[in-house]
Each structure stands twice: as C-alpha cells, then as structure tokens.
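Hi everyone, thanks for coming. I'd like to walk you through one structure today, so let me put it on the screen.

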Amino acid sequence: MRAEAVRDWLAAHAEALDADDSQAAQVVPRLAAAGLFRLGVPKEFGGEGGIDDAVEAIAGVAEQSLAAAFSFWGQRAFIEYLLQSPNAALRERWLPALLDGTQAGATGLSNAMKFLGGIEALAIWARPSPHGAGWLLDGTVPWCTNLRADNFVTAVAVAREDGGAPLIVALPSDRAGLERSPDLDLIALRGSNTASLRIEGLAIDETDLLHADGKQFLPQARPAFLGLQCGMSIGLARAALEAATQRSGAGREVLEAPIEAQRQALREATEALHAGLLSLRFLAHPVELFRLRLALSEIVQQAVQLELQASGGRAYHRDQVSSFARHWREAAFVPIVTPSVTQLRGELLKHDARLRAAAAA
C-alpha cells in the first residue's frame, strides 16, 4: 500500500470491519485520502499508473481487511465504468467526487454479468416515460456493496420493455423511486455497506446512461470488473500464507514446501493477471480470465487451510490473538462473489462443449 497510515488503520480495525458497521463510513474517505482510487485512472482525469497498480492496491487493502477491499472494489469498478463510458458529461458529473471519496460508487452489475453469461434474466425493467423522453424503471438489486447510506451512486443494467438493447444506467441515491434496504445480515464483511435496492417508478433519461447498449458495454467492462475483483483474492492469499509462515513453529519443515508451492502459484497467477489486463488480451479471451479467477479462489482456500494447520489448536481459541477466524470467514466469500466459482465452471463447461462441437464438425 502507498500510505502506511491507512495500513495501520486497517490493521487496527480489521476485526470491526468484519463484524459490524461501526467503521464503515471511514473506509472510502481514508482510501481516497491515500490516493488509491486514482491508480489506473488516466492522467487527464487526475490519475496515475495502470490497471495493474489498481489491482495491487486492492490486494494491499485485502491483506489487512477483505471488507475494506470489497468496498474499494465497488468504488474502483464504478470509476472504471465512467472511464469506459462514452457519456463525458456523466463522467464529469461523478468522477471528481468518486476520486476524492466524498461520493461512494457501487457496482450493481452482478446480475448483468450473469445475464451476459446466459445464467439469469435482468432484474430491472425500463418502460417508456409517459411524461416524454426517458424511461421509468422497476426492479431490484438483491446484493450491492459500498452503498454508503447518505450518498452513493450505483450502476445497474436494465432490460427494455420494447425489446431494445439493455441500458447501463447510473442511479444516484437521492433519486425518487430508489430505496436502500438496511445492511444485509452477513456472517462477515459487515463493514462494507452491503445492502439491496428496490426500484419503483424511478425516472431516468439519456443523461443517466453509462451506455445505451449493455451487450456492447458489458464485455468491454468485464476484464476490469473481474480483474480488480481478483485483487481481493490475491491480498487475502498473501495474508494467510504470511500468517502460516509466522505460526508454523514446530511444523515448519512439514509446511514449508506446501506454503512455498502456494506462494509460487500465487505469483504466477498474479503475473498472468497483470499481463492479460495490460495487453487487453482478456477482451478477446475472457475464458483465460475465468480460469485465473478460479485458480486464485483455490489458492485462497489452500492458503487459509495452511494458516489453520500452522496455527494448530490456537486457531480454535477465541481468547487467542489470531487472524485465522476472520480469514476463514473472508475466504468463504471468495467462491460466491459474482461471478461465482460455480458460474465460472459452468461457463468453462459450455466453452469446452463448443470447442468439442467445432472439432467434430
């Protein structure tokens, strides 16, 4: 991480960020103050570095707190949507406040990414406005992170009643017809401002559009959506493997080889992720990114198991100072965040089936 003060604050509040919402409001402003949201943003928009720097920043936060990294990902993913949007006025409206942390950004496109893979229908519908240009929206977002209660903007994908291309829309929290639920009752990551949204008769027009054709925008945005998300797995795996090394004690000789094997696998996956994002290869070959996401998920599970084995019985004591219980809960989230491990495996099965059919033709 770039700012030692942020690292120290996250380390001091990691348990609270996992267990409750008492520190949730401080996460985005603190990350913004360290300049972390500017990484990977073009210089002309006030940023520096490349998308790989943004991934590494999320990983650095995840080493201390996956809840904070989850919020970071939501903020940075929305920033990426603005950067890739042809709507310059919308970018000018939202980007400065997102970069300085006075505005929270949320990626409500999990449903859209499932839609892109043919897994489920879009959950929000647009009907023509009876008052002239624009649309009225109805639907739900069952799960969305970084919804800071007093001030957020979220991206959603919307199916059109008239059968036109799906819309990608930016919805501000103060828009009439948008209702945020209380925070979801999660077993972990409770400081991530994660809630659901109910949308009823919400009016939008072309000025709210991130893109007028979701089928074009979603494949374009998917590498950053998924690549930035992988930063969470990278950071958690690094933290668990470091904890395993520090706690191995009498079992050092037994655990040294498997710990190093997972470190090497993590290095290779991380390097492949950076290379694919920087070269834009994942735009044409998304399956390669899917495989990396699956590999990183497996490395996280192995890393936390090694932390458990290295800690021994101490890991099961509530009165012992240990990161294991939190890492265990955090690791349970990695396989289910959209796109989930199950969804990605399904996509790979379909991909392999298409290859076999083409070879047989």
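**A walk through the model**

Let's begin in the loop between β3 (135–144) and β4, where N146 has its place. Please keep in mind that this is a predicted model. N146 is not a glycine, and yet its phi is positive, about 65°. Is N146 buried or exposed? With a relative accessibility of 1%, N146 counts as buried, because the cut-off for buried is under 20%.

There is another residue of that kind to show you. L189 sits in the loop between β6 (178–180) and β7 (195–204). The phi of L189 is near 55°, again a positive value in a residue other than glycine. L189 counts as buried too, at 3% relative accessibility.

While we're on backbone details, have a look at P339, in the loop between α11 (324–333) and α12. The peptide bond that joins T338 and P339 is cis, with omega at about -5°.

Now to the strands, with β4 as our guide. How many of the nine residues in β4 are buried? Eight of them are, so strand β4, residues 152–160, is mostly covered. A general reminder for anyone tracing side chains here: in a regular strand they alternate between the two faces of the sheet.

Which strands does β4 pair with? Take β1 to begin with, residues 104–107: β1 and β4 pair in the parallel sense, over four bridges. If you want a landmark, G105 stands opposite V153 in β4. Next comes β2, residues 124–128, which runs parallel to β4 and is joined to it by two bridges. There, W125 has A159 in β4 as its bridge partner. Then there is β5, residues 167–172, which runs antiparallel to β4, with six bridges between them. T154 is a good place to look, since its bridge partner in β5 is L171. β4 and β5 form a hairpin with six residues between the strands, and in that hairpin G163 takes a positive phi near 85°.

On to the helices. Speaking generally, two packed helices are described by the angle between their axes and the distance between the axes. I have three pairs for you.

The opening pair is α10, residues 286–311, and α12, residues 341–360. Their axes come within 10 Å and cross at roughly 140°. That makes α10 oblique to α12. The crossing of α10 past α12 is left-handed. Which residues of α10 make the contact? They are V287, F290, R291, R293, L294 and S297, and on the α12 side you have V341, L344, R345, E347, L348, H351 and D352. By type, the residues of this contact divide into six nonpolar, two polar and five charged.

Compare that with α2, residues 24–33, and α4, residues 66–84, whose axes also come within 10 Å but cross at roughly 65°. That makes α2 roughly perpendicular to α4. Here α2 passes α4 in a right-handed crossing. V27, V28 and L31 of α2 make the contact with A68, S71, F72 and Q75 of α4. The residues of this contact divide into five nonpolar, two polar and no charged.

The last pair is α3 with α8, residues 252–279: they pack at an angle of about 145°, and their axes are 9 Å apart. On the α3 side, I51, D52, V55 and E56 meet T270, L273, H274, L277 and L278 of α8. That contact divides into five nonpolar, two polar and two charged residues.

Let me finish with two single residues. Q64 is in that helix α3, which covers residues 51–64. Q64 is buried, at a relative accessible area of 16%. Leaving out residues up to four places away in sequence, Q64 touches R7, L10, A11, A14 and R326.

And then L236, which lies in helix α7, residues 214–247. How far is L236 from G201 in space? The two are 41 Å apart, C-alpha to C-alpha, and 35 residues apart in sequence. L236 is buried, with a relative accessible area of 0%. Again leaving out residues up to four places away in sequence, L236 touches A62, L66, V300, H327, E330, A331 and V334.

That's my tour, and I'm happy to go back to any part of it. Thank you!

Technical notes:
Residues numbered from 1 in each chain as written. Predicted model: local features only at pLDDT ≥ 70, side-chain atom pairs only at ≥ 80, totals over all residues. Heavy atoms only, no water. Axes fitted to C-alpha atoms, helices over the stretch in contact; angles between N-to-C directions. Parallel < 35°, antiparallel > 145°, perpendicular 65-115°, else oblique. Left-handed = near helix turned anticlockwise from the far one by under 90°. Contact = heavy atoms within 4.5 Å. Nonpolar A, V, L, I, M, F, W, Y, C, P; charged D, E, K, R; others polar. Buried < 20%, exposed > 50% of the residue type's maximum accessible area, 1.4 Å probe, protein only. Pairing = 2+ DSSP bridges.
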